[in-house]
2 protein chains.
Amino acid sequence: MKKISEKSIERLILYRRILGNLLTENQSKIFSHQLSRLTDVTSAQIRRDLMVTGYSGSPVHGYDVEALLKSICDYIDTPGDQGVAIFGLGHLGRSVMGYFNTRQPRLKIKAAFDTDPDKVNRVLHGIRCYRTDQAKDIIETQNISVGILAVPQRIAQDVATLMVNSGITGILNYAPTRLELPPQIYVENRDMILAVEKVAYYSKKNNT
Amino acid sequence: MKKISEKSIERLILYRRILGNLLTENQSKIFSHQLSRLTDVTSAQIRRDLMVTGYSGSPVHGYDVEALLKSICDYIDTPGDQGVAIFGLGHLGRSVMGYFNTRQPRLKIKAAFDTDPDKVNRVLHGIRCYRTDQAKDIIETQNISVGILAVPQRIAQDVATLMVNSGITGILNYAPTRLELPPQIYVENRDMILAVEKVAYYSKKNNT
DNA sequence: TCATGTGAAGACATTCACAGCA
DNA sequence: TGCTGTGAATGTCTTCACATGA
C-alpha cells in the first residue's frame with residue numbers, strides 16, 4: 001500500500017461520505033468537477049487523491065458512485081469492525097453520541113465511561129456507561145481501539161494515560177491540552193478553544 | 001505585516017496559551033527546546049514561527065516569557081474585543097461554553113441563539129440565549145464577528161446563511177456538512193464524525 | 001560553550017497541462 | 001468534444017546547519 005498524506009486521508013473520508021449521500025439520492029454517476037463543488041476540493045486534487053485507491057473512472061461517464069465508494073472503503077477500512085469508546089459523559093460526550101448515532105455501520109460506539117455515579121450504568125443512545133476503572137476489562141473484551149477524550153481539561157492527562165493502559169491506540173482529544181503519551185499512540189487534537197481563537201483571527205482578517 | 005501560514009497561526013495561538021500558563025507558574029524565561037517539549041513542535045519550527053512576531057530572544061537566557069507573550073498577542077490580536085456567538089444550545093453548544101468560560105479575556109461569548117422556546121431567555125454560564133430570529137439585531141449592536149455553529153446537521157446550512165446575513169464573518173462549523181457561503185466568509189470545519197473516522201484509520205495503522 | 005535567527009536545502013502538497021480515449 | 005490519469009512544474013512548509021553573539 002502506497003504512502004499517503006494525512007490530508008489525503010481526510011479528503012478520502014470526506015469523499016466517502018458525500019458519495020454515500022449521493023447513493024441514497026440514487027445518483028449513480030459523478031464527474032470530478034461535480035464532486036469538487038460538493039467538497040471544496042479542486043478536481044485535480046480529487047483525481048490525484050483517488051489514484052491511491054486504484055479505481056478508474058470513465059472519461060465519458062465519470063465515476064460510478066457505488067464502485068468508487070466501495071473502492072475508497074476498501075482502501076481506508078480494515079477488515080472487521082472497530083469499537084469506539086467515549087470517555088466523559090458531559091455535554092461534549094453526549095453531543096458526540098448525538099452526531100454519531102446516525103449511520104456509521106463499521107465504526108460503532110460500544111461503551112462510555114465516567115466517574116460520576118449518577119451516570120454510571122445509565123444507558124444513553126443505546127450506549128451503556130461504565131465506571132472509568134472498568135475500562136480495561138471492557139476495552140479488551142470488546143475490540144475497542146478508538147477513544148474519544150471528552151473530559152474536563154483538569155483530568156484529561158490522567159484519563160488519557162488510563163485509556164492507553166486499557167488498550168486504546170488512537171485518541172481524539174477535545175481538551176485544550178497537549179497529551180504526553182507513548183509515540184505509537186495516535187492523537188488527534190481538536191482543541192476547542194484554539195479553534196475559536198483561530199476563527200477569530202481569520203474573521204477579522206477578512207474585514208480589513 | 002508578513003504573509004503567514006495557517007499552520008503557523010495555529011501554533012502561535014498554542015504558544016501563547018502555554019506561555020500564559022508558564023506565567024501563572026511564575027516561570028519568566030524559556031528556551032525554544034523547552035517550549036518544544038511542551039508543544040510537540042520542533043525547536044527550529046518554533047524559532048521560525050516566532051520570526052514573524054519580531055521578538056528576539058537572548059541566546060543566553062532564551063525568551064522572556066512575558067515579553068514574548070505580549071509580542072505574540074500584538075501580532076495575532078486586533079485592537080479591541082471580539083464578540084463570539086453560539087448558535088445552538090444543545091449539548092455541543094453548552095460544552096463549548098464550559099470549556100470557554102475559563103479565561104479568554106479578549107474573546108468573549110456575548111450571546112447564544114436557539115429556536116427552542118424552553119431555552120430562549122434562559123441564562124447559562126452568564127450568557128443569555130435569544131431567539132434565532134433576533135440574531136441580526138444583537139450581532140450588530142454587540143460587535144460580534146465570530147459564530148460557533150453547533151446545531152444539528154439538518155439545519156446547519158440554513159443557520160449558517162442566517163449567521164452570515166446577520167454580520168458574522170467567521171464560522172466554526174461542528175456539523176458534518178460543507179457549508180455553501182460567500183467566499184469572503186472564513187469557515188473552519190471541525191466535522192465531528194470525520195475526526196473519529198480519521199482516528200480510527202490511524203489507530204489501526206499503528207497496530208500493524 | 002550553547003541557543004538564537006536565518007539562508008539554503010529538502011520534503012511535501014497542489015496545480016498545471018496534456019496525452020489518451022470513447 | 002470533454003473528461004480522466006498522471007508526469008512535470010510550481011508552490012508551500014519544515015528541517016538543516018551554521019554564523020553570530022554573550
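# A tour of the two chains and the two domains of chain A

Between domain 1 of chain A and domain 2 of chain A there are 0 salt bridges, a salt bridge being a side-chain nitrogen of Lys or Arg within 4 Å of a carboxyl oxygen of Asp or Glu. Keep in mind that this is a predicted model, in which local features need pLDDT of at least 70 and side-chain atom pairs count only at pLDDT 80 or more, while totals for chains, interfaces and linings use all residues. Residues are numbered from 1 along each chain as its sequence is written, chains are lettered from A in the order in which they are written, and side-chain values use heavy atoms, with hydrogens and water left out.

Start by selecting residues 6–75 of chain A as domain 1 and residues 82–195 as domain 2, bounds that come from an automatic or database domain assignment. Their centres, taken over C-alpha atoms, are 31 Å apart, and 4 residues of domain 1 are in contact with 4 residues of domain 2, where contact means heavy atoms within 4.5 Å. The two domains bury about 210 Å² between them, with carbon and sulfur atoms giving 15% of that area; buried area is the accessible area (1.4 Å probe) that two parts lose on being put together, summed over both. Now select A:Glu6, A:Glu10 and A:Asn21, which supply 77% of the area that domain 1 buries against domain 2, more than any other three residues.

Next, show chain B beside chain A, and colour the 68 residues of chain A that are in contact with 68 residues of chain B. Together the chains bury about 6200 Å², 63% of it on carbon and sulfur atoms. Across this interface the rule finds 10 salt bridges, and one place to zoom in is the salt bridge of B:Glu188 with A:Lys198, whose closest N and O atoms are 3.0 Å apart. Then select helix H8 of chain A, residues 192–207 (helices being DSSP runs of H or I, at least four residues, numbered from the N terminus), which gives the most to the side of chain A that touches chain B, with 16 residues.

Finally, turn to the relation between the copies: a rotation of 180° with 0.0 Å of shift along its axis superposes chain A on chain B, with an RMSD of 0.0 Å, the fit being by least squares on the C-alpha atoms of residues with pLDDT of at least 70 in both. That is the relation of a two-fold axis. To locate the axis, select A:His91, whose C-alpha is the nearest to it in chain A, at 2.2 Å.

Terms used:
Helices (H or I, at least four residues) and strands (E, at least two) are DSSP runs, numbered from the N terminus.
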